[in-house]
Amino acid sequence: MDLKDVRDKLNTISKIVDEHLDFLLEVRQDEEVYKDDINDIGKMARDVLSILSKHSDLLHVSSGNEKEWVCEKCGKSTFETNYEHLVHPTLHLGCALKEEEEVEEIKYDR
Ligand SMILES: [Zn+2]
């Protein structure tokens with residue numbers, strides 16, 4: 001499967017999800033109208049949920065390439081580092097603070 005194929009499929013999913021969201025709002029607003037179809041709607045919802053949850057790990061893949069997640073100061077990976085310990089994806093908080101300390105020390109040396 002190439003990128004264009006995947007993109008087309010994702011676009012199609014996006015359209016279908018939009019339609020289903022509209023439908024969902026309709027069902028919520030007018031549950032009486034859809035009560036005869038409730039089994040079909042329930043089955044559809046169950047199938048969609050099971051497929052989506054099977055692939056939910058994909059949602060947690062960070063955007064961008066793992067190779068780009070390297071600290072510009074120490075050259076170590078920032079990929080596994082918690083966001084709280086990063087200034088941005090290519091700078092550890094620790095490395096940023098260390099650099100600040102070094103700058104301070106240079107000032108004191110004068
Ligand atoms: Zn670092």
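A residue is called buried here if 20 or more other C-beta atoms lie within 10 Å of its own, and exposed if 12 or fewer do. By that yardstick, just 3% of the 110 residues of the protein chain count as buried. The model is a predicted one, and its pLDDT averages 85 over the protein chain, with 90% of the residues scoring at least 70. Confidence dips to its lowest in helix 3 (residues 93-109), where the mean is 82, and peaks in strand 2 (residues 91-92), at 92.

As for the overall layout, the protein chain holds three helices and two strands. Going along the sequence, these come in the pattern α-α-β-β-α. The radius of gyration is 24 Å, while the globule rule gives 13 Å for 110 residues, so the protein chain is more spread out than a compact globule. The C-alpha trace tells its own story, spanning about 85 × 35 × 20 Å along its principal axes. Contacts can be looked at too: among those with a separation of 6 or more, 6% join residues 24 or more positions apart.

The protein chain also splits into two domains, with domain 1 covering 3-58 and domain 2 covering 65-109. Their C-alpha centres sit 43 Å apart.

Next come the helices at the start of the chain. Helix 1 takes up residues 3-29, which makes 27 residues. From its first C-alpha to its last, helix 1 reaches 39 Å, close to the 39 Å expected at 1.5 Å a residue. None of those 27 residues is buried, so helix 1 lies largely in the open. Helix 2 (residues 38-54) gets the same kind of check: its 17 residues should span 24 Å at 1.5 Å a residue, and its end C-alpha atoms are indeed 24 Å apart, which agrees. Here again the number of buried residues is zero out of 17, so helix 2 lies largely in the open.

Between helix 1 and helix 2 runs a loop, and K35 is found in it. K35 has 11 C-beta neighbours inside 10 Å; exposed means 12 or fewer, so K35 counts as exposed. Measuring along the chain, S50 is 15 residues away from K35, and the C-alpha atoms of the two are separated by 23 Å.

Conventions. Residues are numbered from 1 along each chain as its sequence is written. This is a predicted model: local features need pLDDT of at least 70, side-chain atom pairs count only at pLDDT 80 or more; totals for chains, interfaces and linings use all residues. Domain bounds come from an automatic or database domain assignment. Helices (H or I, at least four residues) and strands (E, at least two) are DSSP runs, numbered from the N terminus. The radius of gyration is taken over C-alpha atoms; the globule rule is 2.2 Å times the number of residues to the power 0.38. Two residues are in contact if their C-beta atoms, placed from the backbone, lie within 7 Å. pLDDT is the predictor's confidence in each residue, from 0 to 100. The expected span of a helix is 1.5 Å times one less than its number of residues.
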